Amino acid sequence: MAEVATNGSEVLAAPAAVPVPAVFTGLKVQVTVPAGRAEEAVAFYKAAFAAEVSRSTHPKRKGDGEEAALLCAELKVGAATLLVCDQAGDDVPAVGKEGAAASGLVLRLETDDANAAAAQAATAGGALQGEVTEDGCGLGATLVDPFGVTWVLASSTSAKKCA
């Protein structure tokens with residue numbers, strides 16, 4: 001019901017503010033590993049999948065020797081970005097023995113050659129879960145990395161792309 005002004009006319013309430021939708025500019029997958037294992041994780045991910053772009057260190061924690069401990073490294077995997085971070089507190093849980101797949105998270109990495117990608121990742125220390133197989137979408141392999149993260153390495157062998 002509208003208010004009535006002192007001169008007798010109705011005073012209408014101001015319309016409710018319309019929320020401005022958030023604009024997202026990208027998505028970066030972050031893998032948080034148990035404290036003190038970030039350097040090891042970065043070495044694996046670089047050997048298996050990626051090139052390192054940048055790193056940030058923790059100013060108060062020391063790693064091996066006198067260097068500051070690695071906090072996060074940003075790796076480029078194709079057109080995507082993977083952040084590999086050391087668990088610095090209890091605010092973000094690290095991947096555990098049950099791995100990311102236990103929560104339903106599986107990372108799918110598209111490649112032109114699933115066989116070569118699987119061999120490279122296995123050589124770097126990943127554990128292939130079976131053989132490289134073909135389905136209606138192309139070739140694929142499942143790999144669990146040393147930190148419990150499950151990866152599907154996939155390549156299309158036909159013009160049909162699967163979602």
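How far apart are the closest N and O atoms in the salt bridge that Arg-55 forms with Glu-52? They are 2.6 Å apart, and View 3 takes a look at this pair. This is a predicted model, where local features need pLDDT of at least 70, side-chain atom pairs count only at pLDDT 80 or more, and totals for chains, interfaces and linings use all residues. Residues are numbered from 1 along each chain as its sequence is written, and side-chain values use heavy atoms, with hydrogens and water left out.

**View 1. The whole protein, with 2 helices and 11 strands.** Helices (H or I, at least four residues) and strands (E, at least two) are DSSP runs, numbered from the N terminus. Walk along the sequence and you meet the pattern β-β-β-α-β-β-β-β-α-β-β-β-β. Of the 163 residues, 28% count as buried; that means under 20% relative accessible area, with exposed being over 50% and partly exposed in between (1.4 Å probe, protein chains only).

**View 2. Lys-28 and Glu-74 meet in a salt bridge.** The term stands for a side-chain nitrogen of Lys or Arg within 4 Å of a carboxyl oxygen of Asp or Glu. Here the N to O distance is 3.4 Å. Lys-28 sits in the loop between β2 (10–11) and β3 (29–33), while Glu-74 belongs to strand β5 (residues 68–77), so the pair ties together parts 46 residues apart in sequence. Lys-28 is partly exposed, at a relative accessible area of 45%. A search of the whole structure turns up 6 salt bridges.

**View 3. Glu-39, Lys-46, Glu-52 and Arg-55 are linked in a network of salt bridges.** Zoom in on Arg-55 and Glu-52, the pair from the opening question. Both are partly exposed: Arg-55 has a relative accessible area of 40%, and Glu-52 comes in at 25%.

**View 4. Glu-40 pairs up with Arg-37.** Their side chains form a salt bridge of 2.9 Å, N to O. Glu-40 is partly exposed at 42% relative accessibility, and Arg-37 is partly exposed too, at 28%.

**View 5. Strand β7 (residues 107–110) has side chains that alternate.** Leu-107 and Leu-109 point to one face and are buried, whereas Arg-108 and Glu-110 point to the other and are not. In a regular strand, side chains do alternate between the two faces of the sheet. Next to look for is strand β11 (residues 150–155), which runs parallel to β7 and is joined to it by 4 bridges. Leu-107 has Trp-151 as its bridge partner in β11.

Terms used
Pairing = 2+ DSSP bridges.
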